[in-house]
Every structure is written in C-alpha cells, then in structure tokens.
Amino acid sequence: MVLLDAETRQVGARLPFKLIEQARRRTGIGSTTDLLAFALASIAVEDDFATVLAQARGTLDPDLDIGF
C-alpha cells in the first residue's frame, strides 16, 4: 500500500504549539507538513505485534526446544 506517494490534499489544523515542538524534538522532523504526515502514517500503519503475540500464546508445544 503506497500512502505517501498518493495525491495530496491541503488540510488545516489548530494544534498546541508545545505539542508540535515536543514532537519535533522527539522525531527530529522540522517541517510541520512532514511531521503531520509522519504522525498520520504512524497511525495508518500501526504495529499490532503485541496483540498478535498475545493471541499466539499457548499455540506452540510447551516442550518445543528453541535453543535457549
């Protein structure tokens, strides 16, 4: 799925300045446009590893030797 190369649309938002500044510090992203694209992409492709791992609990034989 290509998200960032798709057609663009201008959006407007009023956001707390301190929130934007803290996000810039944490990410190193200076451009507000790039920062918002990063934030939206993080939500759009959110990692559900923890949920999948929890759902897999108990599906392997407890006696399986994985080398530890």
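Helices are DSSP runs of H or I with at least four residues, numbered from the N terminus. By this definition, α3 denotes a helix in the numbering that starts at the N terminus. The model shown in the following views is predicted.

**View 1. The segment just after α3, with Gly 58.** Gly 58 follows directly on α3 and adopts a positive phi of about 85°. The helix that precedes Gly 58, α3, has 8 residues, and the number of them that is buried is 0, so α3 lies largely in the open. Buried here means under 20% relative accessible area.

**View 2. The protein chain as a whole.** The protein chain contains 3 helices and 0 strands, and its pattern along the sequence reads α-α-α. Its radius of gyration is 19 Å, whereas the globule rule gives 11 Å for 68 residues; the value is well over that of the rule, so the protein chain is more spread out than a compact globule. The C-alpha trace spans about 55 × 30 × 20 Å along its principal axes. In the protein chain, 4% of the 68 residues count as buried. The accessible surface amounts to about 6,900 Å², and carbon and sulfur atoms account for 57% of this area. The protein chain carries 7 positive and 10 negative charges, whose mean positions lie 20 Å apart.

**View 3. The salt bridge in helix α1, between Glu 21 and Arg 24.** The count of salt bridges comes to 1. Glu 21 pairs with Arg 24, and their closest N and O atoms are separated by 2.9 Å. Both residues belong to helix α1 (residues 17-27), where they are 3 residues apart, about one turn of the helix. Glu 21 has a relative accessible area of 21% and is partly exposed. Arg 24 is likewise partly exposed, at 22%. The class "partly exposed" covers values between the limits for buried, under 20%, and exposed, over 50%.

**View 4. A nonpolar surface patch that includes Leu 64.** Leu 60, Leu 64, Ile 66 and Phe 68 together make a nonpolar surface patch of about 560 Å². Within this group, Leu 64 is located in the segment after α3 (49-56). With a relative accessible area of 47%, Leu 64 is partly exposed. Membership of such a patch requires over 30% relative accessible area, so the 47% of Leu 64 satisfies that cut-off.

**View 5. Leu 3 and Asp 65, two residues far apart in sequence.** Leu 3 is placed in the segment before α1. Its relative accessibility of 39% makes Leu 3 partly exposed. Between Leu 3 and Asp 65 the separation is 62 residues in sequence and, from C-alpha to C-alpha, 41 Å in space.

Terms used
Residues numbered from 1 in each chain as written. Predicted model: local features only at pLDDT ≥ 70, side-chain atom pairs only at ≥ 80, totals over all residues. Heavy atoms only, no water. Helix = DSSP H or I, 4+ residues; strand = E, 2+ residues; numbered from the N terminus. Rg over C-alpha atoms; globule rule 2.2 N^0.38 Å. Buried < 20%, exposed > 50% of the residue type's maximum accessible area, 1.4 Å probe, protein only. Areas by Shrake-Rupley, 256 points an atom, 1.4 Å probe, with all protein chains shown as cover. Lys, Arg positive; Asp, Glu negative; His and termini not counted. Charge placed at Lys NZ, Arg CZ, Asp CG, Glu CD. Patch = residues over 30% accessible without salt bridge, like charges linked within 9 Å, V, L, I, M, F, W, Y side chains within 5 Å. Salt bridge = Lys/Arg side-chain N within 4 Å of Asp/Glu carboxyl O.
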